[in-house]
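Me: I should like to go through the assignments in this model and ask, for each, on what grounds it is made. Please set each value against its definition.

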Amino acid sequence: DDQIEQERASQHLPGGCCALAAIYLMGKFYVANAGDSRAIIIRNGEIIPMSREFTPETERQRLQFLALLRPELLGKEFTHLEFPRRIQPKELGKKMLYRDQNMNGWAYKKIEEDDLKFPLIFGEGKKARMMATIGVTRGLGDHDLKVFSSNIHIKPFLSCFPEVRVYDLTQYEHCPDDVLVLGTDGLWDVTNDKEVAAVVMEVLTSYEPNDPCRYTMVAQELVVRSRGVLKERGWRLANDKLGSGDDISVFVIPLGGPGNYS
């Protein structure tokens, strides 16, 4: 993240990205995630999550706590409190459900002038946005990113620190069909963990266990199925739902050892 900031200044290169990394060291996989990509391990048909997405919804309490500690980061445009919907001026003095950085559930409060500001987190699901600007809350770069038509920076809320999960390969006997799948949000937006696992098993069983191409073919099939087929109404999946409109990158890494590729 520091290097990206240096390149921004020296080479005038703006922008940023999410990051998902898997490192193998001394019998263990270390999976680090900063963004909305995802990693899962499929072992003997079981799905083991190795990351979680960082979005305005999943990191609501961290974002609200930072805003509470440093209200100047919000300018005079946003409130760190969350309400079920946008507050209208005519509702001043009335009671409304809300929650803050310490709350999982909701409580009532009397609406005040500050509550009319735009919420720090607005929307639900993939439409949720932080400061009406960005849909992820961890990532690299974007040091120049600001709220539209303002001087409010997104970066203090956009953290570059990843969450790291560790998987010990020495604790299990892995077969050639056990894999680690890494995918960008273009895959996971339209394909859930169970569907990915089903594709993995379907493709792997159609190849010999010592065929080195089988893992590449799984990755290719996951990309193709998530993109869908181009029809009159756009790219469509097998169930006729919209295919992924985002970039799709997939890695499928075998856990069962190098094998005998003869």
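Me: Why is the contact between Arg 138 and Glu 59 called a salt bridge?

Reply: A salt bridge requires a side-chain nitrogen of Lys or Arg within 4 Å of a carboxyl oxygen of Asp or Glu. The side chains of Arg 138 and Glu 59 have an N to O distance of 2.7 Å, so the pair satisfies that criterion. The model is a predicted one, in which local features need pLDDT of at least 70 and side-chain atom pairs count only at pLDDT 80 or more, whereas totals for chains, interfaces and linings use all residues. Residues are numbered from 1 along each chain as its sequence is written, and side-chain values use heavy atoms, with hydrogens and water left out.

Me: What makes this a link between distant parts of the chain?

Reply: The two residues are 79 residues apart. Arg 138 belongs to the loop between β11 (129–130) and β12 (140–141), and Glu 59 to the loop between β5 (46–49) and α2 (60–69). These elements are DSSP runs numbered from the N terminus: helices are H or I with at least four residues, strands are E with at least two.

Me: Are Arg 138 and Glu 59 buried or exposed, and how do you know?

Reply: Buried means under 20% relative accessible area, exposed over 50%, and partly exposed in between (1.4 Å probe, protein chains only). Arg 138 has 13% relative accessibility and is therefore buried; Glu 59, at 4%, is buried as well.

Me: How do you know that Asp 115 and Lys 109 form a salt bridge?

Reply: Their closest N and O atoms are 2.6 Å apart, and Asp 115 and Lys 109 are both buried.

Me: What makes Arg 165 and Glu 163 a salt bridge, and why are these residues called partly exposed?

Reply: The closest N and O atoms of Arg 165 and Glu 163 are 3.4 Å apart, which is counted as a salt bridge. Arg 165 has 27% relative accessibility and Glu 163 has 23%, so each is classed as partly exposed.

Me: Which residues form a network of salt bridges, and how many salt bridges are found in the whole structure?

Reply: Glu 5, Arg 8 and Asp 144 are linked in such a network. The search of the whole structure finds 19 salt bridges.

Me: What makes the phi of His 12 worth a remark?

Reply: Most residues other than glycine have a negative phi. His 12 is not a glycine, yet its phi is positive, about 55°. His 12 lies in the loop between α1 (2–11) and β1 (16–17), and its 66% relative accessibility makes it exposed.

Me: Where is Asp 142 found, and why is it called buried?

Reply: Asp 142 is found in the loop between β12 and β13 (163–168). Its relative accessibility is 18%, so it counts as buried. Asp 142 also has a positive phi of about 55°, although it is not a glycine.

Me: How many disulfides are there, and how do you know that Cys 18 is in none?

Reply: A disulfide is a pair of cysteine sulfur atoms within 2.5 Å, and by this rule the count is 0. For Cys 18 the nearest cysteine sulfur, that of Cys 17, is 7.0 Å away, and Cys 18 is in no disulfide. Cys 18 is partly exposed, with a relative accessible area of 28%.

Me: Why is Cys 213 without a bond to Cys 175?

Reply: The closest cysteine sulfur to that of Cys 213 is in Cys 175, 19 Å away, and therefore too far for a bond. At 42% relative accessibility, Cys 213 is partly exposed.
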